[in-house]
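Work through the exercises below with the model open. Each one sets a task and then solves it step by step.

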Amino acid sequence: MDPLSVLTPEMRQEAEELRRDWATNPRWKGVKRDYRPEDVVRLRPSVKVEYTLAKRGAEKLWQLLHERPYVHTFGAYTGAMAVEMARAGLEAIYLSGWQVAADANLAWQTYPDQSLYPYNSVPQIVKRINNALMRADMIERSEGKVTQDWYVPIVADAEAGFGGALNVFELTKAMIEAGAAGIHYEDQLASEKKCGHLGGKVLVPTSQHIRTLQAARLAADIMGVPTVIIARTDAEAATLITSDIDERDRPFILPGERTPEGFYRVKNGLEAGIARALAYAPYADVIWMETSKPDLEEARKFAEAVKKEFPDKLLAYNLSPSFNWKKFLDDETIAKFNRELGEMGYKFQFITLAGWHTVNYYTWELAKGYKARGMPAFVELQQKEFLAQAQGFTAVKHQREVGAGYFDEVVLALTQGEASTLALKGSTEEAQFNEPVH
């Protein structure tokens, strides 16, 4: 039976509207789908569910990527980190699977970046970050002074998809439900997934990763959200591939060489990364090649190769803490690195693990000082917080920061001002932290 025969007249009209949108909306310029609008309509629920944070975030991210010379950010894995990043002016949040594996997964384990954690861990952190941003907005609104748009877009790491196309489909849906604006998938074998800067990476055939990207796009289309789909290739450093089935991969497969697991050995490098990028470009909004070192010349060659065939395709770059930056680059080159990448077309730039390194280093620094000197070490930190208030830092008032005043307003609304149990009234924070900021 033809699947289209089950469409009602209303569903056919919906499919026609979707077909027109794909053909005429500038958002979909250069995006290829190997499925039909009718497929999307058939797989949607009858009731249209709105995913406001994901939709708004995706639209905002897409706009920023086209309006800014580049959008740069780093990885957060707690709500408080994300709030401080937004307060400081960063226009997007990156959510790294590495950081979730290391310190924020639902197994409550410390893991390396090998997809060992429960697959729904990242969607839960997306939700946590969005809730924290929403609380910051609600606190300011209750005080009568909303200072900024708190709902910065979140770009989330979906790793290699934790399985096949159906796993990708469901994971994408979970990301959208949690409010992710962008999602990236890499072309590694999910069951052998490794951090891009570890060894032992196994690629899947090019055609299989295209199916991954299509599964993500189909999920987003069904949910009615223009999610920014980012395709990452690890071909620059990966040494293995599962199969020689795809003719596009065969020029890079080393003949006659198989591993004990049955994998083929491949010739990696820039050419392999470019070949995969060109294959993925029609199916993705943004292309990312994971690299082994910070190299502007390599970045330029990759960008030129992609832009030659896909001049409007956006690029992403991982400014990784796995690189020893000063070993490869002088201070002048480091200072211009973001700007030069932006000029090449790398519109989304992110330091994947900066949150993890920040928490670890500054916690160690305080602990070391407190061990040696006692309270002066913390008071020095507190004085830095006081000074930072003049630049917009507010977390020194930690009770207010987490919503004590907001929930006082809830009590006041319920009692019409007759409550005697307000939290901030009579608190040490009210008494000691309300001096004017200079």
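A salt bridge is a side-chain nitrogen of Lys or Arg within 4 Å of a carboxyl oxygen of Asp or Glu. This is a predicted model: local features need pLDDT of at least 70, side-chain atom pairs count only at pLDDT 80 or more, and totals for chains, interfaces and linings use all residues. Residues are numbered from 1 along each chain as its sequence is written, and side-chain values use heavy atoms, with hydrogens and water left out.

**Exercise 1. Salt bridges**

Task: count the salt bridges, then describe the pairs Arg42 and Asp39, Glu297 and Arg300, and Arg232 and Asp234.

Solution.

Step 1. The structure holds 37 salt bridges.

Step 2. Take Arg42 and Asp39. Their side chains meet at 3.5 Å, N to O. Both residues sit in helix α2, three residues apart, about one turn of the helix. Helices are DSSP runs (H or I, at least four residues), strands are runs of E (at least two), and both are numbered from the N terminus.

Step 3. Check the exposure of this pair. Buried means under 20% relative accessible area, exposed over 50%, and partly exposed in between (1.4 Å probe, protein chains only). Arg42 is partly exposed at 31%. Asp39 is buried at 13%.

Step 4. Take Glu297 and Arg300. The closest N and O atoms are 3.3 Å apart. Both residues lie in helix α10 (residues 296-309), again three residues apart, about one turn. Glu297 is partly exposed at 42%. Arg300 is partly exposed at 28%.

Step 5. Now the network. Shared partners join Asp113, Glu159, Glu186, Lys193, Arg232, Asp234 and Glu290 through salt bridges.

Step 6. Look at one pair in that network. Arg232 and Asp234 form a salt bridge at 2.9 Å, N to O. Arg232 and Asp234 are both buried.

**Exercise 2. Positive phi**

Task: place Ser115 and Glu159, and decide whether each is buried or exposed.

Solution.

Step 1. Recall the background. Most residues other than glycine have a negative phi.

Step 2. Ser115 has a positive phi of about 55° although it is not a glycine. Ser115 lies in the loop between α5 (97-103) and α6 (121-143). Ser115 is buried, at 15% relative accessible area.

Step 3. Glu159 also has a positive phi, of about 55°. The loop between β3 (154-157) and α7 (165-178) holds Glu159. Glu159 is buried, at 0%. Glu159 also belongs to the salt-bridge network.

**Exercise 3. Cavities**

Task: count the cavities of 30 Å³ or more and describe the lining of the largest and the second largest.

Solution.

Step 1. Fix the terms. On a 1 Å grid over the protein atoms alone, a cavity is a set of points where a 1.4 Å probe fits but cannot get out; a pocket is an open set with protein on both sides within 12 Å along at least five of seven lines; lining residues have an atom within 4 Å of a point. Grid points are joined across faces, edges and corners, and a volume is the space filled by probe spheres set on the points.

Step 2. There are three cavities of 30 Å³ or more.

Step 3. The largest cavity holds about 120 Å³. It has 17 lining residues, and closest to its centre are Trp98, Asp113, Arg232, Asn318 and Thr352. Asp113 and Arg232 are also members of the salt-bridge network.

Step 4. Classify that lining. Ala, Val, Leu, Ile, Met, Phe, Trp, Tyr, Cys and Pro count as nonpolar, Asp, Glu, Lys and Arg as charged, and the others, Gly among them, as polar. The result is five nonpolar, seven polar and five charged.

Step 5. The second largest cavity holds about 80 Å³. Its lining includes Leu203, Arg248, Phe252 and Lys267. Helix α9 (residues 270-280) gives the largest share, three residues. By class there are seven nonpolar, one polar and four charged.

**Exercise 4. Pockets**

Task: state the volume of the largest pocket and of the second largest, and name the main contributor to each lining.

Solution.

Step 1. The largest pocket has a volume of about 1,600 Å³. Of its 43 lining residues, Glu84, Leu381, Glu385, Phe393 and Ala395 are closest to the centre. Helix α13 gives the largest share, 11 residues.

Step 2. The second largest pocket has a volume of about 740 Å³. Helix α1 gives the most to its lining, with six residues.
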